[in-house]
Amino acid sequence: MEKGLKYVSFILVFLLTACYYKVKTENVAATKSDDIIFTKGEKITNNNFIGTVWLNNLVQADSVNQNAVGSVTFEPGARTKWHSHPAGQIILALEGVGYYQEKGSQKIIVKKGDVVKCPANIPHWHGASSDTKFIQVAITGREKGETIWLEPVSDDEYRQ
Ligand code: MN
């Protein structure tokens, strides 16, 4: 009888340990942030951005489909200048934690899975939070002209 109990205990401990390691492995896979969907592309060298930002141009706008689609990777603290889009923009958050702010409104926090719709001609900026990178896909209407770039986002504005 005692032998039987020992055997059952051994099996239980073995099964619980196996379950624990399975759950642990799944958690690691789910939170691994190197599972990027699009490669980060080329480092942006123009002065419309502050900090280190990468762009992978996924779709060029043309006469049939007038949206440009790009995957943008902002290193922590990096952001755009203030700017506006004559035909608006849609931001799909793929990874990390970012910020989005329209002129005259509070900055909002944008996380993986969030969708932001920027209205046409509304000055705004977007970028990474100060300690976490942010990857977004930006879908930008081009039928009414190019992005209009404005003044830099100051450190005070960025932190507010
Ligand atoms: Mn924008």
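**Notes on a predicted model: Asn 48, strand 4 and the largest pocket**

1. Let's start with one residue. Asn 48 has a relative accessibility of 15%, so it counts as buried, the cut-off being under 20%. Keep in mind that this is a predicted model.

2. Where does Asn 48 sit? Look in the loop between strand 1 (42–43) and strand 2 (49–50). Leaving aside residues up to four places away in sequence, Asn 48 touches Thr 80, Lys 81 and Trp 149. Hold on to Trp 149, as that name comes back at the pocket in point 6.

3. Now zoom out to the whole chain. You'll find two helices and 12 strands. Reading from the N terminus, the order is α-β-β-β-β-β-β-β-β-β-β-β-β-α, so try tracing that order on the model by eye, using the DSSP runs that define helices and strands.

4. A few totals for the chain are handy here. There are 160 residues, and 33% of them count as buried. The chain exposes about 10200 Å², with 58% of that supplied by carbon and sulfur atoms. Take the contacts between residues at least 6 apart in sequence: 68% of these join residues at least 24 apart.

5. Strand 4 deserves a good look. Why is strand 4 described as largely enclosed by the rest of the structure? Because seven of its eight residues are buried. It has partners, too. Strand 3 and strand 4 run antiparallel and are joined by six bridges; one pair to find is Val 53 with its bridge partner Phe 74 in strand 4. Strand 4 also pairs with strand 11, again in the antiparallel sense, over eight bridges. Here you can look for Thr 73, whose bridge partner in strand 11 is Ile 135.

6. On to the largest pocket, which holds about 460 Å³ of space. It is lined by 25 residues, and the ones closest to its centre are Phe 49, Leu 55, Thr 140, Arg 142 and Trp 149. As promised, there is Trp 149 again, the residue that Asn 48 touches.

7. Which strand gives the most to the lining of the largest pocket? That's strand 4, with five residues. Strand 3 (53–59), strand 4 (67–74) and strand 11 (134–141) each supply at least two residues of the lining, so the two pairings from point 5 are worth viewing alongside the pocket, with strands taken as DSSP runs.

8. Last, what is the lining made of by class? Count 10 nonpolar, 13 polar and two charged residues.

How values were computed. Residues are numbered from 1 along each chain as its sequence is written. This is a predicted model: local features need pLDDT of at least 70, side-chain atom pairs count only at pLDDT 80 or more; totals for chains, interfaces and linings use all residues. Side-chain values use heavy atoms; hydrogens and water are left out. On a 1 Å grid over the protein atoms alone, a cavity is a set of points where a 1.4 Å probe fits but cannot get out, and a pocket is an open set with protein on both sides within 12 Å along at least five of seven lines; lining residues have an atom within 4 Å of a point. Grid points are joined across faces, edges and corners, and a volume is the space filled by probe spheres set on the points. Helices (H or I, at least four residues) and strands (E, at least two) are DSSP runs, numbered from the N terminus. Ala, Val, Leu, Ile, Met, Phe, Trp, Tyr, Cys and Pro count as nonpolar, Asp, Glu, Lys and Arg as charged, and the others, Gly among them, as polar. Buried means under 20% relative accessible area, exposed over 50%, partly exposed in between (1.4 Å probe, protein chains only). Contact means heavy atoms within 4.5 Å. Accessible areas come from the Shrake-Rupley method with a 1.4 Å probe; for residues, only the protein chains shown count as cover. Two strands pair if DSSP finds at least two bridges between them.
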